[in-house]
Amino acid sequence: MRIGELARRTGVTTRALRYYEEQALLTSERSGSGQRHYAEAAVDRIRVIRQLYAAGLSSKAIAELTPCVVDGKATPELLQRLAVERDHLDRHIAGLAQTRDRLDSVIAGASSNMRTGTTCRRDTTA
């Protein structure tokens, strides 16, 4: 399929698809006139790439991880790398949860202020 069709089927821009190729995340064949043509498997590969980007991984990390995810070939080193990425996400999630808790405290103070007119409590734990 051509680049426009792959973009439509995956919901990404043609610019993003070209970027994925530059980062060695995706490959295409070229026609005699230089047009990109992709295999049907590219649709699933793009979905995996997007999920990994959404999880916060860099294009370098994705390039290292996609052979296992797409081709099913794992090594002990790859398993270690996956664990490192998961630990990074866990730390990020914990930080986001703390930020959410602080925001909840601010919302509670503002709500109390609106109900009672008392001054919003200043949070000194930040």
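Here is a quick briefing on the chain as a whole, its first two helices, and a few residues worth a look. Keep in mind that this is a predicted model. The chain has five helices and two strands, and from the N terminus the order is α-α-β-β-α-α-α. Its radius of gyration is 22 Å, well over the 14 Å that the globule rule gives for 126 residues, so the chain is more spread out than a compact globule.

**The chain overall**

- The C-alpha trace spans about 75 × 35 × 20 Å along its principal axes.
- Just 26% of the 126 residues count as buried.
- If you take the contacts with a separation of 6 or more, 42% of them join residues 24 or more positions apart.
- The accessible surface adds up to about 8,900 Å², and carbon and sulfur atoms own 54% of that.
- There are 20 positive and 15 negative charges, and the mean positions of the two sets sit 6 Å apart.

**Helix α1 (3-10)**

- On α1, the buried residues are I3, L6, A7 and T10.
- Looking down the axis of α1, you'd find these buried residues within an arc of 100°, so they line one face of the helix.
- The general background is simple: an α-helix has 3.6 residues a turn, so residues three or four places apart point the same way.
- As for partners, the buried residues of α1 pack against α2, β2 and α3.
- Right after α1 comes G11, with a positive phi of about 80°.

**Helix α2 (14-22)**

- Helix α2 covers residues 14-22, and its buried residues are A16, L17, Y20 and E21.
- These cover an arc of only 145° around the axis, which puts them on the same side of α2.
- Flip to the other side of α2 and you meet R15 and E22, both exposed.
- The cover over the buried residues of α2 includes α1 (3-10), β2 (36-37) and α3 (42-54).

**A24, just past α2**

- A24 follows α2 and has a positive phi; the residue sits in the loop between α2 and β1 (29-30).
- Its phi is near 65°, a positive value in a residue other than glycine.
- That's worth a glance, given that most residues other than glycine have a negative phi.
- A24 also counts as exposed, with a relative accessibility of 57%.

**Two residues on helix α5 (76-116)**

- E85 lies in α5, the helix that runs over residues 76-116.
- With a relative accessible area of 14%, E85 is buried, because buried means under 20%.
- Leaving aside residues up to four places away in sequence, E85 touches L57, A61 and L65.
- N113 is also found in α5, and at 27% relative accessibility it counts as partly exposed.
- Again setting aside residues up to four places away in sequence, N113 touches T118, T119 and C120.
- To get a feel for distances here, take N113 and T99: they are 14 residues apart in sequence and 21 Å apart in space, C-alpha to C-alpha.

Methods
Residues numbered from 1 in each chain as written. Predicted model: local features only at pLDDT ≥ 70, side-chain atom pairs only at ≥ 80, totals over all residues. Heavy atoms only, no water. Buried < 20%, exposed > 50% of the residue type's maximum accessible area, 1.4 Å probe, protein only. Helix = DSSP H or I, 4+ residues; strand = E, 2+ residues; numbered from the N terminus. Arc of directions from axis to C-beta. Contact = heavy atoms within 4.5 Å. Rg over C-alpha atoms; globule rule 2.2 N^0.38 Å. Areas by Shrake-Rupley, 256 points an atom, 1.4 Å probe, with all protein chains shown as cover. Lys, Arg positive; Asp, Glu negative; His and termini not counted. Charge placed at Lys NZ, Arg CZ, Asp CG, Glu CD.
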